[in-house]
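Here is a guided walk through one protein model. Keep the viewer open and find each residue as you read.

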Amino acid sequence: EEDPIMPPEQQTAEKTILVFMPYSNNLYSFLLGNIEDMKKAIVRNKGLGNTRLLLFVAKDQQQSALIDIRYKKGTCTQDTLEKYSSPTYLTTNGRAELLNKVKEYAPAHRYAMIVGSHGMGWIPSSTVFNPKKSRYFGGLSEEYRIDIVDFATSIKAAGMKMQFVMFDDCYMSSVEVAYDLRHVTRHLIGSTCEIMAYGFPYALMGRYLVGEPDYENICESFYRFYSSYQYPYGTIGVTDCAELERLADIMKRINAGDVFDGSQLSELQVLDGYNPTRFFDLGDYVRHLCTSPTLLAEFEEQLARTVPYHRHTPEFYSMSSGAKAIRTFSGITTSDPSTSDATRTKQQTAWWQATHE
């Protein structure tokens, strides 16, 4: 078939944002709500400026589509660019092809990505021990989950360095996840905890994502929304991935001299409802681990540079154990001290390998 003739406004945009919504079972109706909220934000701001917005949405296990969202005369239009009848995006190559399509339809100087689905940080997507499948997001059943390392590989294969990747999924503001993505995105935006099915408040937040991102206001609008939401629970962190190598370097020096005392486990700030805990606040963990005041000060300073923006409500919520207090919060988690069976492959993460001898 012939290539569609590109309309004249198909000049290279300043930025293209791809909203990537893989099949995620019971979240579909919420994802549609997110899309409506994005459109509200666009209409409210009278357009996208020099930003293009493409959506990839999987309606069910088989059908998905790539959609172009535009602003015309006070409303949002959506055009279907491509339809897919099998979930090729679940493979690394399929995702790279999809990203190349995005570049073809909406060429830009910079790219960014919003991912909406379920998430489980870096944790194995199969309960069966399989080191290759160790961090994921996507659907509830294993065949619809996307491994974080594979995800990074597909972005790299498409030759796209993301300005940000924003995960509207549970548990993705994790140092293990950020470290895996450090070469393919400059910033990582995500929640340390479970996120309510409503997701990110795009109607409020949208204007801070287009053009030059305003990370502080992204966090602020998220916090304002969840502070007054019927379920007032929300946590968000923005990681500057360019700072992660230095953080890993200090962490390695701390680990060389200190071993975590397991009896302190119950004192740590937990950020999930699992038993045993899988995700702990990174800053709090290091404060309990590190015995050298100078090293600790160096770490805390670098952590503040690595996660410059974060906000949280007084409590976080988990479906399994309800609301829990947040005493201290650094905007990012680690599974280092976890004794959970689910985290038994943590020593295979790039973060672990970079921070331990």
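## Starting at R95

Leaving out residues up to four places away in sequence, R95 touches F20, T88, Y89, L90, I146, D150, F151 and S154. "Touching" here is contact, meaning heavy atoms within 4.5 Å. Before going on, a word about the source: this is a predicted model, where local features need pLDDT of at least 70 and side-chain atom pairs count only at pLDDT 80 or more, while totals for chains, interfaces and linings use all residues. Residues are numbered from 1 along each chain as its sequence is written, and side-chain values use heavy atoms, with hydrogens and water left out.

R95 lies in helix α2. Helices (H or I, at least four residues) and strands (E, at least two) are DSSP runs, numbered from the N terminus. Is R95 buried or exposed? R95 counts as buried because its relative accessibility is 3%. The cut-offs are simple: buried is under 20% relative accessible area, exposed is over 50%, and partly exposed is in between (1.4 Å probe, protein chains only). R95 and V184 are 89 residues apart along the chain, and their C-alpha atoms are separated by 14 Å.

## The rest of helix α2

Let's look along the helix. α2 has 14 residues and reaches 20 Å from its first C-alpha to its last, close to the 20 Å expected at 1.5 Å a residue. That expected span is 1.5 Å times one less than the number of residues.

Which residues of α2 are buried? They are G94, R95, A96, L98, L99, V102 and Y105. E97 is found in α2 too, but E97 counts as exposed because its relative accessibility is 54%. The C-alpha atoms of E97 and L188 are separated by 22 Å, with their places 91 residues apart along the chain. As a general point, an α-helix has 3.6 residues a turn, so residues three or four places apart point the same way.

## Nonpolar cores

F151, one of the residues that R95 touches, turns up again here. The largest nonpolar core has 66 residues, and F151 and F167 are those with the most contacts inside it. A nonpolar core is a set of buried Ala, Val, Leu, Ile, Met, Phe, Trp, Tyr and Cys residues joined through side-chain atoms within 4.5 Å. Helix α7 (residues 244-257) gives the largest share of this core, six residues. Apart from this core lies another, of 42 residues, including F164, C170, I189 and I218.

What does F167 contact, leaving aside its neighbours within four places in sequence? Among its partners are V115, F137, I148, F151, M172 and F200.

## Two cavities

Now for the empty space. The structure holds two cavities of 30 Å³ or more. On a 1 Å grid over the protein atoms alone, a cavity is a set of points where a 1.4 Å probe fits but cannot get out, and lining residues have an atom within 4 Å of a point. Grid points are joined across faces, edges and corners, and a volume is the space filled by probe spheres set on the points.

The largest cavity has a volume of about 150 Å³. Its lining has 15 residues, and the closest to its centre are I42, L48, L53, G206 and V210. Helix α1 gives the most to this lining, with three residues. The lining divides into eleven nonpolar, three polar and one charged. In this count, Ala, Val, Leu, Ile, Met, Phe, Trp, Tyr, Cys and Pro are nonpolar, Asp, Glu, Lys and Arg are charged, and the others, Gly among them, are polar. The second largest cavity, with a volume of about 30 Å³, brings back some familiar names: F20, R95, L98, L99, M113, F151, S154 and I155 line it.

## Odd spots in the backbone

Two residues other than glycine have a positive phi. K46 has a phi of about 55° and sits in the loop between α1 and β2 (51-58). K46 is exposed, because its relative accessible area is 65%. Y171 has a phi near 65° and lies in the loop between β9 (162-168) and α4 (175-180). Y171 counts as buried because its relative accessibility is 1%.

One more spot: the peptide bond from N275 to P276 is cis, with omega near -5°. P276 lies in the loop between α7 and β12 (280-281).

Notes: 1 Å grid on protein atoms, 1.4 Å probe; cavity = no way out; pocket = protein on both sides within 12 Å on 5 of 7 lines; lining within 4 Å.
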